[in-house]
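Take a moment to look over the sequence and turn the model around on your screen. Then read on, and we will go through it together.

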Amino acid sequence: MKIKFLFPTSIGLSDGIITALILASGGILNGSGIDPFLAIKISFGSAFAGTFSYFIAQYAGLNEELHRIAKQLNLKSTSYLLKGKLGNEIFRESLVGSIIAAICSFFGALIPLFPSLIIKNNLIIPLAFSYVSLGILGLFISKTTSGKAPFWMSVMIGIGIIVTIAGFYLKLIV
C-alpha cells in the first residue's frame, strides 16, 4: 500500500480552517475573542467531523472503484475482492488517510484560532493567517492538478471570506 498524503492533508487543512472560521468568526470579528479551551474544543470537533467524513467518502470511493474494475473484468461479484487483499488495502488506506486528515484538520482549525489567543481583540491577524493559509493550500492544489495558481488561490481565499461572513452572521460561537 502506497500511502497518499496530499489528498488527506489538503482535505484536513482546508476543512479545519473553514470549520474554525464558520464557528469562531462571530467571536473573532466582534472582538470578544476565543479562549484557549474553546479553541481546543473547536479543533477537536473539526478533527472528529473531518475524520469520519473523510473515512466514509474515501472508503466508499475506493469501494466503488473496485466494483467498477470488477465489472470491467466481467466478474460476477466483488464480494471476494472486498474480503481479500484488495478489501484490506482499501480499508487500511481509508483508515490511514482518516488519521492524516484528522491531524491536519485539528491543526488547520488552530490556524485562525491560535493568533486570536495570542493577540486579543485583533481582527486582522487571525483572518490574515487563515486567508494566507488557504491561499498557500490553493497554490499546492494548482501545482498538483496542473491548474492555474492565481485561480486556485483566489478560489480558496474566496471560500474563506464567504465562510467568515456566514460565520459572522450565524454567530454560532460568540
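## A starting point: Arg 68

Which helix does Arg 68 lie in? Arg 68 lies in helix 2. Please keep in mind as you look that this is a predicted model.

Arg 68 is partly exposed, with a relative accessible area of 39%. You can also compare its place in the sequence with its place in space: Arg 68 and Thr 78 are ten residues apart along the chain, and their C-alpha atoms are 9.3 Å apart.

## The whole chain

Now zoom out. The protein chain has six helices and zero strands, so its pattern along the sequence reads α-α-α-α-α-α. Its C-alpha atoms fill a box of roughly 60 × 35 × 25 Å, taken along the principal axes.

Of the 174 residues in the protein chain, 39% count as buried. The accessible surface comes to about 9,900 Å², and 73% of that surface belongs to carbon and sulfur atoms. Among contacts between residues at least 6 apart in sequence, 76% join residues at least 24 apart. As for charges, the protein chain has 13 positive and 6 negative ones, and the mean positions of the two groups are 3 Å apart.

## A buried serine in helix 2

Is Ser 43 buried or exposed? Ser 43, which is found in helix 2 (residues 36-72), has a relative accessible area of 0%. Buried means under 20% relative accessible area, so Ser 43 counts as buried.

What surrounds this residue? Leaving aside residues up to four places away in sequence, Ser 43 touches Phe 106, Ala 109, Leu 110 and Leu 113. Try selecting these residues together with Ser 43 in your viewer.

## Helix 6, face by face

Helix 6 runs over residues 149-170, which makes 22 residues. At 1.5 Å a residue, helix 6 should span 32 Å, and its end C-alpha atoms are 31 Å apart, which agrees.

Which residues of helix 6 are buried? They are Ala 149, Met 156, Gly 160, Val 163, Thr 164 and Gly 167. Looking down the axis of helix 6, you would find these buried residues within an arc of 105°, so they line one face of the helix. A general rule helps here: an α-helix has 3.6 residues a turn, so residues three or four places apart point the same way.

What covers the buried residues of helix 6 includes helix 1 (6-29) and helix 5 (124-145). On the other side of helix 6, Pro 150, Ile 162 and Tyr 169 are exposed.

## Two positive phi angles

Most residues other than glycine have a negative phi. With that in mind, here are two residues with a positive value.

Where does Ser 146 lie? Ser 146 lies in the loop between helix 5 and helix 6, and its phi is positive, near 55°. Ser 146 is exposed, with a relative accessible area of 71%.

The other residue is Lys 171, which lies in the segment after helix 6. The phi of Lys 171 is near 50°, again a positive value in a residue other than glycine. Lys 171 is partly exposed, with a relative accessible area of 36%.

Technical notes: Residues are numbered from 1 along each chain as its sequence is written. This is a predicted model: local features need pLDDT of at least 70, side-chain atom pairs count only at pLDDT 80 or more; totals for chains, interfaces and linings use all residues. Side-chain values use heavy atoms; hydrogens and water are left out. Helices (H or I, at least four residues) and strands (E, at least two) are DSSP runs, numbered from the N terminus. The expected span of a helix is 1.5 Å times one less than its number of residues. Buried means under 20% relative accessible area, exposed over 50%, partly exposed in between (1.4 Å probe, protein chains only). The arc is that of the directions from the helix axis to the C-beta atoms. Contact means heavy atoms within 4.5 Å. Accessible areas come from the Shrake-Rupley method with a 1.4 Å probe; for residues, only the protein chains shown count as cover. Lys and Arg count as positive and Asp and Glu as negative; His and the chain ends are not counted. The place of a charge is taken as NZ of Lys, CZ of Arg, CG of Asp or CD of Glu.
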